[in-house]
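Subject: Handing over the structure

Hello,

Here is the structure I promised to pass on to you. Please have a look at it, and then read on for what turned up.

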Amino acid sequence: MEPARALSIRDINRLIKMKLEGDSGLQDIWLRGEISNFTFHSSGHMYFTLKDEGARLKCIMFASHNARLPFAPKDGMKVLARGGISVYERDGQYQFYATAMQPDGIGSLYLAFEQLKKKLEAEGLFQDRLKRALPRYPRTVGVITSPTGAAVRDILITLERRNPGVHVLLYPVAVQGTSAAPSIVKAIKAMNALGEADVLIVGRGGGSLEELWAFNEEAVARAIRASGIPVISAVGHETDFTISDFAADLRAATPTAAAELAVVHCGELKQGLVHLEQRMAKSLIGLLGKARERWQHAARSPYFTQPRRSLLVQAERLDRLRDRMQYRIRTEQAKAQERWTRLNGRLSSVNPNQQAAFARKRMTAASRGLELAMNGILRHRQNQFGSLVRHLDALSPLKVMSRGYSLVYDEQEKSLVRTINEVQPGDLIRVKLLDGKLDCQVWGIHGEEKSNG
């Protein structure tokens, strides 16, 4: 029997999804568990599993929700997650859709504070070498805070009390809420672009961690560090610490303390001027005393009491110096004359003309000796050559052939016939005489018997 109506898998999954989403007891609930298999997808969505001692539940947190998380979830972290149960229709799998999350057992804001602090500290954003000294005598102080809080009143009163001559530029900003951090960042950049303030005070009065959170935002910390104007962070009370305190060039315990650190008290300036005036007066008195002593000493000097005597002494000294100089000149002239005479005698003994004449005679004698030696060698070589020519002529085959001898070759005239064993009767031979050649044929061969002795 066929059923009246069969549901598709998609239909039943959708029906279950509607049932679950329609159950108020499964929506807007809080779950406690430990994160595992955490994945932060490139789309911005977070996929993870919540587990406890007895069970596991797959979870998802879309990017639109996790963008507001003040901390970074990771495997092994125990959390409280808020959301509802639904079904992923394609796989027919129910899962928890988280809309909010906070650490279990520790405040999420405090955890976010610690995570950001470690991150920026690892980047070197808090290093002492980056912090700049405040100007000693600023002419203009920039104040970035709420225009209605107690902090701005304390800062202005303290600046007026300590140094009425200092100008104050107030840039009003929101100091708490979602718009606070962008407002503070904008103010710091605007103050730097304006370029009139010598030092900036950035802060607010005390409050809870949530109320002070704008000064724990990463954007605010980076804006403070990037500021070209030195920044004093003045957030909350003495026990309150924010990320801005670590990033600033100087931390003040309170806004009032920030104003005290920013400018020097007029009383201190006046006291310093009085001290400098006293030192200058004492120094001038000392200089005048020394000058008076020098003048009195000079007045008692013989140069002033008996100037003519001093001139005579100097004239006598000048005469002695003139005599010494003249004696020295005469002595040096005599030494120079003696040295010239000695060198002239040495030069005469090695007169270049005499040396040249002697060298010329030696060269003439050497030339004659060389010519005689060359002629003797030439005659000896000519005699040797004549003897060798005569000896060669005596050994020449042509000389022997002129006495009736001849040379016998084979028909091609390639080899010399030396014995009768090299030819046969009828062979053609060629006989070379002194004045030509004969082509002959062997008709007979007659050997000579060797004598037995």
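Is Asn66 buried or exposed? Asn66 is buried, since its relative accessible area is 9%, and the cut-off for buried is under 20%. Before going further, please keep in mind that this is a predicted model.

Asn66 belongs to helix H2, which covers residues 63–66. A polar atom of the Asn66 side chain lies 3.2 Å from the backbone oxygen of Met61. Met61 also appears among the residues that Asn66 touches, together with Phe40, Gly44, His45 and Met46; residues up to four places away in sequence are not counted there.

Several of those names lead straight to the strands. Strand S1 (residues 29–40) and strand S2 (residues 46–51) run antiparallel and are joined by five bridges. One pair to look for is Thr39 with Tyr47, its bridge partner in S2. The two strands make a hairpin with five residues between them. In that turn you will find Gly44, which has a positive phi of about 100°; Gly44 is also one of the residues touched by Asn66.

S2 has a second partner as well. Six bridges connect S2 to strand S3 (residues 56–61), and this pair is antiparallel too. Here Tyr47 stands opposite Ile60 in S3, so you can follow Tyr47 from one pairing to the other, because Tyr47 is also the partner of Thr39. S2 and S3 form a hairpin with four residues between them.Next comes Arg162, found in helix H4 (residues 150–162). What is the relative accessible area of Arg162? The value is 10%, which means that Arg162 is buried. The side chain of Arg162 reaches the backbone oxygen of Val263 at 3.2 Å. Val263 is also on the list of residues in contact with Arg162, along with Ala259, Glu260, Val264, His265, Cys266 and Glu268, leaving aside neighbours within four places in sequence.

Ala247 is another buried residue, with a relative accessible area of 0%. Its place is in helix H7 (residues 243–247). Not counting residues up to four places away in sequence, Ala247 touches Phe126, Lys131, Ala221, Ile224 and Arg225. From C-alpha to C-alpha, Ala247 and Val168 are 23 Å apart in space, and 79 residues separate them in sequence.

Now for the surface. Leu7 sits in the segment before helix H1 (9–22). Leu7 is partly exposed, with a relative accessible area of 44%. Together with Ile9, Ile12, Leu15 and Ile16, Leu7 forms a nonpolar patch on the surface, and these residues have about 430 Å² of accessible area together.

Finally, turn to helix H12 (residues 352–395), where you will find Leu388. Leu388 is exposed, with a relative accessible area of 60%. Leu388 and Gln424 are 36 residues apart in sequence, and their C-alpha atoms are 41 Å apart in space.

Happy exploring, and do write back with any questions.

Best wishes

How values were computed. Residues are numbered from 1 along each chain as its sequence is written. This is a predicted model: local features need pLDDT of at least 70, side-chain atom pairs count only at pLDDT 80 or more; totals for chains, interfaces and linings use all residues. Side-chain values use heavy atoms; hydrogens and water are left out. Buried means under 20% relative accessible area, exposed over 50%, partly exposed in between (1.4 Å probe, protein chains only). A polar contact is a pair of N or O atoms within 3.5 Å; within protein, one must be able to donate a hydrogen and the other to accept it, and residues adjacent in sequence count only if both atoms are side-chain atoms. Contact means heavy atoms within 4.5 Å. Patches are made of residues with over 30% relative accessible area and no salt bridge: like charges are joined within 9 Å, nonpolar side chains (Val, Leu, Ile, Met, Phe, Trp, Tyr) within 5 Å. Accessible areas come from the Shrake-Rupley method with a 1.4 Å probe; for residues, only the protein chains shown count as cover. A salt bridge is a side-chain nitrogen of Lys or Arg within 4 Å of a carboxyl oxygen of Asp or Glu. Two strands pair if DSSP finds at least two bridges between them.
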